[in-house]
Amino acid sequence: MTLNIQVLQTSFQLVEDREQDFKQAFYTNLLGDYPEVKPLFAHTKMDEQGDHLFGSLKFVVENLCKSELVEQTLKHLGTRHLKYGVLPHHYRLVGNSLLKTLAGLAGDAWTPEVKEAWVDAYSVITTVMLEGAHYPSEVLKVA
């Protein structure tokens with residue numbers, strides 16, 4: 001799968017300066033739409049978790065042309081998330097929340113092309129993280 005790097009980077013610029021809005025909207029979406037994941041965050045400092053999430057997303061978007069670096073980082077994240085109790089089906093929930101958050105913040109700039117670019121990117125992210133967690137390489141479709 002070829003990622004649309006230009007669209008991903010351009011669309012991320014729409015939310016990059018709205019980090020606090022992104023973090024708040026993302027966790028509101030995730031925990032509101034999928035209350036079953038709340039126990040995963042029971043011992044989590046949510047401000048720090050939001051910083052990690054946004055930082056990781058920004059790192060991936062900024063380094064899309066450095067596939068080996070991104071792959072190594074995502075595999076490490078997948079391994080780490082295993083320790084937190086994250087299971088393969090949780091990735092779909094996070095992906096849906098990510099898309100909902102990006103769409104909400106991007107407004108009219110959230111076009112079908114932008115959505116497709118993010119769905120493709122998140123599918124790759126999920127696959128690589130699951131490999132890092134030693135789960136089978138399966139792509140979990142996000143809506």
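**Two pockets and their linings**

By class, the lining of the largest pocket comprises 21 nonpolar, seven polar and one charged residues. The structure described here is a predicted model, and the space in this pocket comes to about 800 Å³. Its lining is made up of 29 residues, and those closest to the pocket centre are Y27, Q49, L53, H81 and M129. For anyone tracing the walls by eye, the elements to follow are α2 (19-33), α3 (46-62), α4 (67-83), α5 (88-106) and α6 (112-132), each of which gives two or more residues to the lining of the largest pocket. Among these elements, α3 gives the most, with six residues.

The second largest pocket offers a companion view. About 240 Å³ of space lies within the second largest pocket. Its lining counts 16 residues, with L3, L64, V70, L74 and V124 lying nearest the centre. Two or more residues of this lining come from each of α1 (5-16), α3, α4 and α6. Here α6 provides the largest share, five residues. Sorted by class, the lining of the second largest pocket has 14 nonpolar residues, along with one polar and one charged residue.

Read side by side, the two linings draw on some shared elements: α3, α4 and α6 each give two or more residues to the largest pocket and also to the second largest pocket. The leading contributor is α3 for the largest pocket and α6 for the second largest pocket.

Methods:
Residues numbered from 1 in each chain as written. Predicted model: local features only at pLDDT ≥ 70, side-chain atom pairs only at ≥ 80, totals over all residues. Heavy atoms only, no water. 1 Å grid on protein atoms, 1.4 Å probe; cavity = no way out; pocket = protein on both sides within 12 Å on 5 of 7 lines; lining within 4 Å. Points joined across faces, edges and corners; volume = space filled by probe spheres on them. Helix = DSSP H or I, 4+ residues; strand = E, 2+ residues; numbered from the N terminus. Nonpolar A, V, L, I, M, F, W, Y, C, P; charged D, E, K, R; others polar.
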